[in-house]
Amino acid sequence: MPLDTRSILKAVDGGQRPGVEEACALAEATDLDSLVATASALRDQGHGRVVSYSRKIFIPLTHLCRDVCHYCTFARPPRKGETAFMTREQVLEIARAGAAAGCKEALFTLGDQPERRYRVAREELERLGHPTTLSYLGEMAEAVFRETGLLPHLNPGLMGAAELAELRRHSVSMGIMLESASERLSRKGGPHWGSPDKAPAVRLETMRLAGEARIPFTSGILIGIGETRAERVEALLALRDLNDRYGHIQEIIVQNFRAKPGTRMAAAPEPGTDELVWTIAVARILFGPEMNIQAPPNLSPGVLARLVEAGINDWGGVSPVTPDFVNPEAPWPHLDRLAEETAAAGKVLTERLAIYPSHALDGERWLDPVFRTPVLRLIDAEGFARSDDWSPGTDIAPPAEVLDLVTAPTAGRGASPEIIEITHRAADGADLDESEVVRLFQARGEDFAAVCKAADDLRDKVNGNAVSYAVNRNINYTNVCYFRCQFCAFSKGKLSENLRGRPYDLDFDEIRRRVKEAWERGATEVCMQGGIHPDYTGETYLAICRAVKEAAPAIHIHAFTPLEVWQGAATLGLDLRTYLQMLKDAGLGTLPGTAAEILDDEVRAIICPDKINTAQWLEVMEAAHEVGLRSTATIMYGHVERPEHWARHLLRLRELQKRTGGFTEFVPLPFVHMEAPIYLKGRSRPGPTFREAVLMHAVARLVLHPHFVNIQTSWVKMGRAGVAACLAAGANDVGGTLMNESITRAAGTVHGQEMPPEVMEAMIREAKRLPGQRTTVYGRPSNERVSASFGAPPLLPPVETPARRYERTSKPSLVRPGLEAAANG
């Protein structure tokens, strides 16, 4: 019984991928509107509102080619007075211009194996010291990357396994257009007659070998050169089969034939827009929601919205520097114009690298080691290109376009119905699920503005116009630590990851002196945490509490991370609740919610494998809340994790807060990368982008409502401009004055160690908000405390007691809860 289009599309709408029989039946489909509706929904399912592009330069290394495709003007025979290949200087001149224009991709395009046809090519290669064109290509790709940092993408034609392996060392991705799977087109009279490298079987074999070599690959089809719709489907299925086997095909390009003067097909009819739309829609239906489907925007001016509607999610490479040498008659659209047309189609133009996000996020598998760190430093948490140079803790100004989206009165009015619905549900107190939270974190453009606006409206409803802060002092009592957290630039000592700096271990006299000084300067709180010194036991933390209370009986002790609590209890052989009660009796008031990092063990296994795991962190906090100790909650983000990890973190906090109500606030802590070991080793991103940093505050406000009342932003990490943006995106608290700040400063921040009340309140007023001091648990300090905090004298220089050497004849039993849990799991 023949299959009809309606039943096939109904099955696709239900999540079923068409098989071969259904795909062949689609070749006869004529209901374009139905095809487009299904394809558009699939694209939205996989890519949301994003339509990506790569900012590139085009390097035509050689125009010589042994093939004679009848529609091509790129390939041409040798010309008198011209070199067969671009010189190194010519290549680098283009590359440097591209780097100066903000490009990140260097696209190398060249004819196929010209040395097999032209003596001039062989002779010039010999003078250049290369046996083949592909060998010279490798040298030029390496030079471009080394000299400019541009990421090479190579389109060199047919390659064997050895050539693919060699060129993988010099590129982040490669490509070869299948064009068609029809052998018929290679027969006499066809467009590929006389072009042995266009035989479908040999092109598919190159792609198969690329899959075995784990090379991110691009391919696609060229429509309108004499093939039938059934042959297009056949080509798409051949590509799908390869990708099913290897997962290496990053994108499927659907390119429409353009007749070019001076070619044998100059008078051939070009495919109409409906034919292009039909092919894009069928490609999307066959490949499903996740595949990247691309159509070059310069080949279809005036109808880009129809291509978006048909199911594309990518425009390919667009160059602000070089022309499209393959289609010189079709200039690239200006990026501003492309962004406008993309927006008019209801999407957000988003920059990517030559390697697509799905593959960039898995560099260990897909990239040669030389490219893993550079790619990691160029991407955001979703794998797209970083859109700005801002990083937490630096003095780089936040991007104006993001600030405008946060603050512009009309921003967010063009948001998608999906984002509007999710934010409304969150504001009503609904429990969002993981996919909805991830969707909020993916917000860009008008969606981003709408999320920030919804969070700010909710903040106004919950907290009003007030912005609170505490007058406190940080006291980090030791920087000696035997844990190996990969993000930490603070810890020092023999067993730590980073031996820069001088190890110290404050004696109790210095702790008491700092506490007394803080009290005299109006502080209501001392915030205390440190490395896990191998000599410390649970008694050490109890003694610290007693020392603080001796110096200032009325000061609030906000101290000891869940890791310190776990380690302290373990060293004394006590259960958590018993030990927490002892700390409370000794004067502990609340716990900081640090050591949370990312509450997902997939991430913790990378950044802090021997630290407490997710369940243990939550267990400490629940036990603390049960004995009457409240705490903050934090997230440290922007390193190796992805939006789904952020979502799980927030949802786990929300569930615990629903049970205990013990968290006072949520504190996003963007990763400060400059001196962090994991960054210096090339294994992390350089912190979140500014958009991501602001989103963390906004999404937290929405997702944690109504269970968390307070969202704090860190001036040490975000800087004053960043604080202002976060205060307009859901935050209502700016933390503490600190007096001393060691941990973030060790990581490289430039935003200082203290923000006195006078400066703090001026910053808050600049953001058009009303400042007010608070206690640790969000009460109001006494007038005496507030008065004492203004006009405080300068701090005396701190004394950092040198750490005692801790080599021993017998080694202590070190508590490593993360490793122990993994071993027992």
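In the predicted model, helices α20 and α21 cross in a right-handed sense. Helix α20 spans residues 508-520 and helix α21 residues 538-551; their axes come within 8 Å and cross at roughly 45 degrees. The two helices are therefore oblique to each other, since this angle falls outside the ranges that count as roughly parallel, perpendicular or antiparallel. On the α20 side, the contact is formed by F508, I511, R512, V515 and K516, which meet T540, A543, I544, A547, V548, E550 and A551 of α21. By class, eight nonpolar residues take part in this contact, together with one polar and three charged residues.

Helix α17 (residues 417-427) contributes I419, I422, T423 and A426 as buried residues. Viewed down the axis of α17, these buried residues fall within an arc of 95 degrees, so they line one face of the helix. Such an arrangement follows helical periodicity: an α-helix has 3.6 residues a turn, so residues three or four places apart point the same way. The elements covering the buried residues of α17 include α18 (434-441), α19 (446-463) and α28 (690-704). Just after α17, G429 adopts a positive phi of about 90 degrees.

A further buried site lies in the loop between α4 (88-100) and β2 (105-110), where C103 is found. The relative accessibility of C103 is 5%, and C103 therefore counts as buried, the cut-off being under 20%. Leaving aside residues up to four places away in sequence, C103 touches R55, K56, I57, G98, L150, P320 and V321. The C-alpha atoms of C103 and P756 are separated by 43 Å, the two residues being 653 residues apart along the chain.

Notes: Residues are numbered from 1 along each chain as its sequence is written. This is a predicted model: local features need pLDDT of at least 70, side-chain atom pairs count only at pLDDT 80 or more; totals for chains, interfaces and linings use all residues. Side-chain values use heavy atoms; hydrogens and water are left out. Buried means under 20% relative accessible area, exposed over 50%, partly exposed in between (1.4 Å probe, protein chains only). Helices (H or I, at least four residues) and strands (E, at least two) are DSSP runs, numbered from the N terminus. The arc is that of the directions from the helix axis to the C-beta atoms. Contact means heavy atoms within 4.5 Å. Axes are lines fitted to C-alpha atoms, for helices over the stretch in contact, and angles run from 0 to 180 degrees between N-to-C directions. Angles under 35 degrees count as roughly parallel, over 145 as roughly antiparallel, 65 to 115 as roughly perpendicular and the rest as oblique. A crossing is left-handed if the near helix is turned anticlockwise from the far one by less than a right angle, and right-handed if clockwise. Ala, Val, Leu, Ile, Met, Phe, Trp, Tyr, Cys and Pro count as nonpolar, Asp, Glu, Lys and Arg as charged, and the others, Gly among them, as polar.
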